[in-house]
Structures are given as C-alpha cells and as structure tokens.
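Take a look at the model below. This report goes from the whole fold to single residues.

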Amino acid sequence: MAYLDYDALKRTPLRRDPYDFLIVENFILPTRFGDVSRDFPKTPGPGSHPPSELDMRGHFQALMEELDGPEFRAAIEEKFAIDLAGRPTMYTVRGHVRARDGSIHTDTKTKIITVLLYMNEGWEADGGRLRILRSATDLEDFVDEVPPNGGTLLVFRRSENSWHGHKPHEGPRRAVQLNWVTSPDVVEREQGRHRFSTRLKKLKGALLGARG
C-alpha cells in the first residue's frame with residue numbers, strides 16, 4: 001500500500017543553489033495523509049525521539065517502512081546521483097518544538113543525505129518554517145522556505161554550506177527526520193543518545209504526573 005507520491009518526486013528538479021536540495025509538497029498522498037496523521041505517535045515532549053521509544057503502529061508505521069524502503073532510496077539515489085548502497089539509515093520523530101529550537105546549522109559531517117517529512121495538518125504560524133539559507137549568520141538571507149504541513153518533503157545533501165534553520169516557534173510541530181549516514185557506528189551512537197534523552201523525558205513526565 002503506497003503512501004508516497006514518487007511521480008511528484010521524479011518531476012521535482014534538484015536545485016543546486018546554494019546547495020543540493022528539493023522540496024515536494026503533498027509527498028504523502030492526500031488520500032493517505034489523514035490515516036497517517038491519526039496514527040502519529042505521541043511524543044514525550046520536544047526533541048527528537050527514536051522509533052524504539054515510541055508506540056509505532058498502523059498507517060504511521062507502514063509509512064515509515066516505505067520511507068525507509070528500497071523504492072524511496074532508489075528515487076533519492078537517482079535524483080542526487082549518489083550511491084547509497086551499504087549506507088545505513090536512521091530516523092527520529094518530533095512532535096513539538098521549543099522556542100530555542102531552529103538555530104542555523106548544517107547537520108553533522110556523519111550525515112550524507114537528510115530527509116525531512118512534515119506532518120502538520122495546517123500551519124499558520126510565521127515561525128517553524130524551515131529556511132534554505134545562504135550563510136550561517138542571516139536567517140533572512142534565504143532561498144526558499146518550507147511549509148511544514150500536509151506531508152511536505154525536504155531532502156538535501158549535507159555539505160559544509162548546507163545551512164538551514166527557522167524562526168522561533170513553540171508548540172506542536174510534527175516531523176520525521178531520516179538520514180543516510182556514513183557508518184553503523186553513527187546509528188548506534190545517535191540513536192543511543194536520543195533514546196537516553198527520550199527516557200529522561202518520559203521519567204520526568206511520569207514524576208510530574210504522580211505529583212499532580
């Protein structure tokens with residue numbers, strides 16, 4: 001059962017200014033978006049959460065299996081003219097952002113390709129819209145701005161100048177980040193770090209609930 005619009009991805013040109021990226025709105029098929037949205041897992045606060053710590057089920061789980069599958073990988077390989085065979089993947093889920101999130105960065109050198117898939121049913125806020133930037137210093141010097149709603153897809157090749165960030169926003173903001181990375185050690189280290197953080201948030205939530 002397909003959830004993703006591969007034809008739209010194939011039609012979308014790869015943009016090279018200021019670095020290699022593409023944006024596809026409604027990459028999650030509109031006829032499937034509602035199903036996926038209803039099964040989006042509850043996240044214990046802001047930050048990135050590994051799937052091992054979440055209640056992955058139903059249409060959302062099926063979507064993640066497709067996103068991490070061979071057809072999507074082949075489409076990205078073709079679009080970016082890159083061989084990802086043997087390169088491991090990892091992904092995390094976000095449900096909320098803090099006001100301090102969204103600072104300008106390039107992603108770590110261990111990431112090869114970054115995939116961001118947004119799953120908000122609407123987005124009216126000025127903040128929280130990821131910007132493709134020309135520099136590390138000016139959030140207003142942007143090439144494009146990504147609407148984080150309706151299954152919008154952003155994919156970019158990590159580089160020394162793959163600057164991106166967004167204006168501050170605090171509150172719900174659903175997104176999945178998937179990366180092809182340089183080695184299995186990266187997956188183990190990064191997923192372990194996120195797993196530890198998620199468990200601390202769960203414990204904090206449980207303690208606050210008990211006090212209440």
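## From fold to residue

In this predicted model, residues 24 or more positions apart make up 83% of the contacts with a separation of 6 or more. Keep that number in mind while reading on.

**The overall fold.** The protein has 5 helices and 8 strands. Along the sequence they come in the order α-β-α-α-α-β-β-β-β-β-β-β-α. The C-alpha trace spans about 55 × 40 × 35 Å along its principal axes. How does the radius of gyration of the protein compare with that of a compact globule? For 212 residues, such a globule would have a value near 17 Å, and the protein has 17 Å, so the two agree.

**Surface and charge.** Of the 212 residues, 51% count as buried. The protein exposes about 10400 Å², and carbon and sulfur atoms supply 50% of that area. Its side chains include 32 positive and 31 negative ones. The centres of these two sets lie 5 Å apart.

**The nonpolar cores.** In soluble globular proteins, nonpolar side chains tend to be buried together. Here, the largest nonpolar core has 37 residues. Phe72, Ile113, Met119 and Leu153 have the most contacts inside this core. Apart from it lies another core, of 11 residues, and Tyr19, Ile23, Leu116 and Leu130 are among them.

Which residues does Leu153 touch, leaving aside neighbours within four places in sequence? Its contacts are Leu9, Leu22, Ile23, Val24, Phe27, Phe72, Val115, Leu116 and Leu117.

**Val115, a buried strand residue.** Val115 lies in strand S3. Is Val115 buried or exposed? Val115 counts as buried, because its relative accessibility is 1% and the cut-off for buried is under 20%. Beyond four places in sequence, Val115 is in contact with Phe72, Leu153, Leu154, Val155, Val176, Gln177, Leu178 and Trp180. Take Leu178 from that list. Val115 and Leu178 are 63 residues apart in sequence, yet their C-alpha atoms are 5.0 Å apart in space.

**Two helices and their cover.** Helix H4 covers residues 70–80. Its buried residues are Phe72, Ala75, Ile76, Glu77, Lys79 and Phe80. An α-helix has 3.6 residues a turn, so residues three or four places apart point the same way. What covers the buried residues of H4? The cover includes helix H1 (6–11), strand S1 (21–24), helix H3 (58–67), strand S3 (111–118), strand S6 (153–157) and strand S8 (171–181).

Helix H2 runs over residues 30–38. In H2, the buried residues are Arg32, Phe33, Asp35, Val36 and Ser37. H3 and S8 are included in what covers them.

**Unusual backbone spots.** Most residues other than glycine have a negative phi, and most peptide bonds are trans. Three places in the loops stand out against that background. The peptide bond from Asp17 to Pro18 is cis, with omega near 5 degrees. Pro18 is found in the loop between H1 and S1. Two other residues have a positive phi although neither is a glycine. The table sets them side by side.

| Residue | Phi | Loop | Relative accessibility |
|---|---|---|---|
| Ala81 | about 50 degrees | between H4 and strand S2 (89–97) | 71%, exposed |
| Asp107 | about 80 degrees | between S2 and S3 | 11%, buried |

Ala81 comes just after H4. It counts as exposed because its relative accessible area is 71%, where over 50% is the cut-off. Asp107 counts as buried because its value is 11%, which is under 20%.

**Thr182, before the last helix.** Where is Thr182 found? Thr182 sits in the loop between S8 and helix H5 (184–211). With a relative accessible area of 33%, Thr182 is partly exposed. Not counting residues up to four places away in sequence, Thr182 touches Arg87, Lys109, Thr110 and Ile112. Now set Thr182 against Gly192. The pair is 10 residues apart in sequence and 16 Å apart in space, C-alpha to C-alpha.

Terms used. Residues are numbered from 1 along each chain as its sequence is written. This is a predicted model: local features need pLDDT of at least 70, side-chain atom pairs count only at pLDDT 80 or more; totals for chains, interfaces and linings use all residues. Side-chain values use heavy atoms; hydrogens and water are left out. Helices (H or I, at least four residues) and strands (E, at least two) are DSSP runs, numbered from the N terminus. The radius of gyration is taken over C-alpha atoms; the globule rule is 2.2 Å times the number of residues to the power 0.38. Buried means under 20% relative accessible area, exposed over 50%, partly exposed in between (1.4 Å probe, protein chains only). Contact means heavy atoms within 4.5 Å. Accessible areas come from the Shrake-Rupley method with a 1.4 Å probe; for residues, only the protein chains shown count as cover. Lys and Arg count as positive and Asp and Glu as negative; His and the chain ends are not counted. The place of a charge is taken as NZ of Lys, CZ of Arg, CG of Asp or CD of Glu. A nonpolar core is a set of buried Ala, Val, Leu, Ile, Met, Phe, Trp, Tyr and Cys residues joined through side-chain atoms within 4.5 Å.
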